[in-house]
Amino acid sequence: MSEKCFICKSKIAELFLGKLKGTAIKKAGQSQPYYVCFECQKKLNNNKEEMLKYL
Ligand SMILES: [Zn+2]
């Protein structure tokens, strides 16, 4: 399984056991998570509100 970062569209590195190097955020009312890579997470200071603006 490989997920893409929805901000920069690059593939997110997997660490182990399918754990992704990055984070997943959910939009209110949606069950499907969106993935953010570690670099973008860092760039946005891990601010989920900022991440959601890219959706
Ligand atoms: Zn990214």
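**Exercise 1.** What radius of gyration would a compact globule with 55 residues have, and what does the protein chain have?

*Solution.* Before starting, note that this is a predicted model, where local features need pLDDT of at least 70, side-chain atom pairs count only at pLDDT 80 or more, and totals for chains, interfaces and linings use all residues. Residues are numbered from 1 along each chain as its sequence is written.

Step 1: take the radius over C-alpha atoms and apply the globule rule, 2.2 Å times the number of residues to the power 0.38.
Step 2: for 55 residues a compact globule would come out near 10 Å, and the protein chain has 11 Å, which agrees.
Step 3: look at the extent too; the C-alpha trace spans about 25 × 25 × 15 Å along its principal axes.

**Exercise 2.** In what order do the elements of the protein chain run from the N terminus on?

*Solution.* Step 1: find the elements, which are DSSP runs numbered from the N terminus (helices: H or I, at least four residues; strands: E, at least two).
Step 2: the protein chain has two helices and two strands.
Step 3: read along the chain, and the order is β-β-α-α.

**Exercise 3.** Is Leu17 buried or exposed?

*Solution.* Step 1: recall the cut-offs (buried: 20 or more other C-beta atoms within 10 Å of a residue's own; exposed: 12 or fewer; partly exposed: in between; C-beta atoms are placed from the backbone).
Step 2: Leu17 has 5 C-beta neighbours inside 10 Å, so Leu17 counts as exposed.
Step 3: place Leu17 in the segment before β1 (22-25); its phi is positive, near 50°, though Leu17 is not glycine.
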